[in-house]
Amino acid sequence: MARNVEFNEEEAVQKAMEVFWAKGYNGTSLRDLTDAMKINSSSLYNTIGDKQELFVKCIALYTEIRAKDLIQREKSKASALSILTKYIEDSVKIVIIEKNGCLAIKTAFEGATDDARIKSLIKNDNDNNYKFISDTIAKAMAAGDISDDESPELLADFFISVWTGWYESYLIHRDPVKIKKMAQYFIKQITK
């Protein structure tokens with residue numbers, strides 16, 4: 001008779017995600033994962049698969065959490081400019097306060113996107129963020145809070161590139177003031 005799985009897979013994937021987030025894909029061993037998940041390797045292989053399959057599940061969970069966050073932001077009754085400003089401020093916090101930064105960017109920087117499934121998940125996450133940012137900018141433009149000299153799409157692309165640069169800058173310099181100033185400068189530039 002087959003033995004029942006004795007762990008909560010959703011909780012185990014969450015714990016594994018935190019390990020990948022802290023150590024990166026290449027820096028995480030199977031032992032790190034099974035220790036964090038409180039399972040043995042045979043349970044992992046029998047339920048989820050190998051390290052790569054687990055990583056795919058972790059990235060899927062991470063991007064799902066981020067998508068839910070964007071939906072909550074869209075439901076806000078605040079002005080589009082306030083929503084955008086809060087999003088930018090929260091992006092700064094991810095860079096300078098969250099010790100592990102953004103798992104999507106970290107995964108892309110690490111080069112762990114060779115798997116087509118991971119690449120697709122990261123791309124969809126980026127597309128969701130891009131749509132949220134460009135739609136929010138368009139609403140702020142319609143309200144007269146942001147200059148309409150440039151297209152919302154260009155500004156969204158620019159912000160995503162800038163934010164990735166903040167992450168790299170912080171990894172190199174560890175200067176939170178510098179990141180905050182760059183964020184304030186970005187807001188100032190689009191609200192002129």
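**N129 and its surroundings**

Colleague: Which residues does N129 touch, not counting those up to four places away in sequence?

Modeller: In this predicted model, N129 touches R66, L70, Y87 and I160. N129 itself sits in helix α7.

Colleague: Why is N129 called buried?

Modeller: Its relative accessibility is 6%, and buried means under 20%. So N129 counts as buried.

Colleague: OK, on to the helix. How do α4 and α7 lie relative to each other, and what makes you say that?

Modeller: The axes of α4 (residues 51-74) and α7 (residues 116-142) come within 9 Å and cross at roughly 10°. Angles under 35 degrees count as roughly parallel, so α4 is roughly parallel to α7.

Colleague: Which residues make that contact?

Modeller: From α4, they include F55, I59, R66 and L70; from α7, N129 is one of them, and so are L121 and F132. By class, the contact has 10 nonpolar, 4 polar and 6 charged residues.

Colleague: What about the largest nonpolar core: which of its residues touch the most other members?

Modeller: The core has 55 residues, and those with the most such contacts are M37, L54, I88, V95, I133, F159 and W166. Helices α1, α2, α4, α5, α6, α7, α8 and α9 each supply at least two residues of this core.

Colleague: Take L54, then. What is L54 in contact with, leaving aside neighbours within four places in sequence?

Modeller: L54 is in contact with V13, A16, F20, L33, M37, L44 and I48.

Colleague: Why would nonpolar side chains be buried together?

Modeller: That's simply what they tend to do in soluble globular proteins.

Key
Residues are numbered from 1 along each chain as its sequence is written. This is a predicted model: local features need pLDDT of at least 70, side-chain atom pairs count only at pLDDT 80 or more; totals for chains, interfaces and linings use all residues. Side-chain values use heavy atoms; hydrogens and water are left out. Axes are lines fitted to C-alpha atoms, for helices over the stretch in contact, and angles run from 0 to 180 degrees between N-to-C directions. Helices (H or I, at least four residues) and strands (E, at least two) are DSSP runs, numbered from the N terminus. Angles under 35 degrees count as roughly parallel, over 145 as roughly antiparallel, 65 to 115 as roughly perpendicular and the rest as oblique. Contact means heavy atoms within 4.5 Å. Ala, Val, Leu, Ile, Met, Phe, Trp, Tyr, Cys and Pro count as nonpolar, Asp, Glu, Lys and Arg as charged, and the others, Gly among them, as polar. A nonpolar core is a set of buried Ala, Val, Leu, Ile, Met, Phe, Trp, Tyr and Cys residues joined through side-chain atoms within 4.5 Å. Buried means under 20% relative accessible area, exposed over 50%, partly exposed in between (1.4 Å probe, protein chains only).
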